[in-house]
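Hi there,

Here is the structure I promised to pass on to you. Have a look at it first, and then read my notes below.

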Amino acid sequence: MGTLLYAQAVPVPTLVEQGVTKVPEAYVCFSDGFSGEVQDEERIPVIDLLDLESSHGRQRIVGEIERASREWGFFQVTSHGVSEETMEGIVRAALEFFGQPMEQRMELFSGEPKMNGTRYGTRLDETGVQDWRDFLVVGKCHPLSEETFETWPSNPPSFRSAALKYCQEIRALAFKVISLASESLGLRPDRLEREFDPLDQLLLFNRYLPCPQPDLVLGVRSHCDQGLLNILLIDDVPGLQMRKNEESPWVPISTNRRALVVNFGDQMQIATNKRYKSFEHRVLANPERARLSISSFFNPAVEATIKPLPEFVDADHPSRYRPVSFGEYVKVYMARRLRKGTPESLES
Ligand SMILES: O=C(O)CCC(=O)C(=O)O
Ligand SMILES: [Fe+2]
């Protein structure tokens, strides 16, 4: 199977429009067969942030974050402070964006990743097996310049204001989670925030259309996120799964209504010298229902040097990773066929 096969793959929305009953070869996922065992007993922890302001409540929540981060790297948060109206606004704007005719969506198409701009795409790279999804990246939500804001979709007309509001509220939640994570690691509440300042933020909208042969494809191939953390808004269509390691069964991830999912990425693993880990996850395709998810990624600045914090390095715990810029890290991550285990390629 050559590169050409993938480069010429027909986009998912077009296949769905044509009513294909057979998935083209470029989308067939042989290597990551998801015959993989699924376990149905355990679920990721749910952490309620309601009592965050009382010192007793905060202490309890810090303990819950510690356990969830160590065991799962994924948890749901409730009473998270992002308003229902804001969440509904962004979901509506996203559905309207993906509901536009293909020609209109294609005005924002780019086959190449862009540093700061907005990009609509139907695949992430030209060479691998194609994911059964299309997506919209709003490449820089913070720090946000007027020039970058002008690259945000102007259709539907509500998109920019809905996205701006969502980004601001999600950012406030991200700082809450980061300070709790800091405390859960025995650090001052602002330690991680200071380390990662100014903390870049970007939005990724994933649209998964129904697939005629869901067993042959993946919505998103198994990967670990490359940044510090992701705050994920998902709908009620199942598909997302995580696993603790390659021998563990996959655990389906769903949310209570209005909850959000937090997961830590590779930079949390590197900063903590592997006290906390970045866990692998993937999305299955659905035979009948379309699914929407909205990722808010929080990343170091491209020029920032990433390395374990000195607090996690001593004679018994030598630094596991050699320092590189985040920009370099992203290049290594993108060049790997499997987007997991990237921190290990920096092992010193
Ligand atoms: O669609 C999902 O639920 C997860 C998407 C994801 O893993 C990502 O955006 O990195
Ligand atoms: Fe992810």
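**What I found**

Let's start in a loop: R258 sits between strands β9 (251-252) and β10 (260-264). Keep in mind throughout that this is a predicted model.

So what is odd about the backbone at R258? Its phi is positive, about 75°, even though R258 is not a glycine. R258 counts as partly exposed, because its relative accessibility is 45%, and that value falls between the 20% and 50% cut-offs.

R258 also turns up in the second largest pocket, where it is one of the residues nearest the centre, along with M87, V91, L233 and I234. That pocket holds about 330 Å³ of space and has 15 lining residues. Which element gives the most to this lining? That would be α4, with five residues. Both α4 (84-99) and β7 (229-234) supply at least two residues each. If you sort the lining by class, you get seven nonpolar, six charged and two polar residues.

Now for the metal. Which residues are the protein donors of the iron ion (ligand 2)? They are H223 and H281, each through NE2, and D225 through OD, at 2.1 to 2.2 Å from the iron. Along the sequence, the spacing of these donors reads H-x1-D-x55-H. The two histidines tie distant parts of the chain together: H223 is in strand β6 (residues 220-223) and H281 is in strand β11, 58 residues apart. Are these histidines buried or exposed? H223 is buried, because its relative accessible area is 15%, under the 20% cut-off. H281 is buried too, with a relative accessible area of 6%.

Strand β11 (280-283) also marks one end of another loop, which starts after α9 (266-271) and contains N273. N273 is not a glycine either, yet it has a positive phi, about 50°. At 9% relative accessibility, N273 counts as buried.

Finally, look for two cis peptide bonds. One joins H142 and P143, with omega about -10°, and P143 lies in the loop between β4 (134-142) and α6 (146-149). Another joins D197 and P198, with omega about 10°. You'll find P198 in the loop that runs between α8 (191-196) and β5 (200-208).

Cheers

Note on methods:
Residues numbered from 1 in each chain as written. Chains lettered and ligands numbered in written order. Predicted model: local features only at pLDDT ≥ 70, side-chain atom pairs only at ≥ 80, totals over all residues. Heavy atoms only, no water. Helix = DSSP H or I, 4+ residues; strand = E, 2+ residues; numbered from the N terminus. Buried < 20%, exposed > 50% of the residue type's maximum accessible area, 1.4 Å probe, protein only. 1 Å grid on protein atoms, 1.4 Å probe; cavity = no way out; pocket = protein on both sides within 12 Å on 5 of 7 lines; lining within 4 Å. Points joined across faces, edges and corners; volume = space filled by probe spheres on them. Nonpolar A, V, L, I, M, F, W, Y, C, P; charged D, E, K, R; others polar. Donors = N, O, S within 2.8 Å, 3.2 Å for Na, K, Ca; no water.
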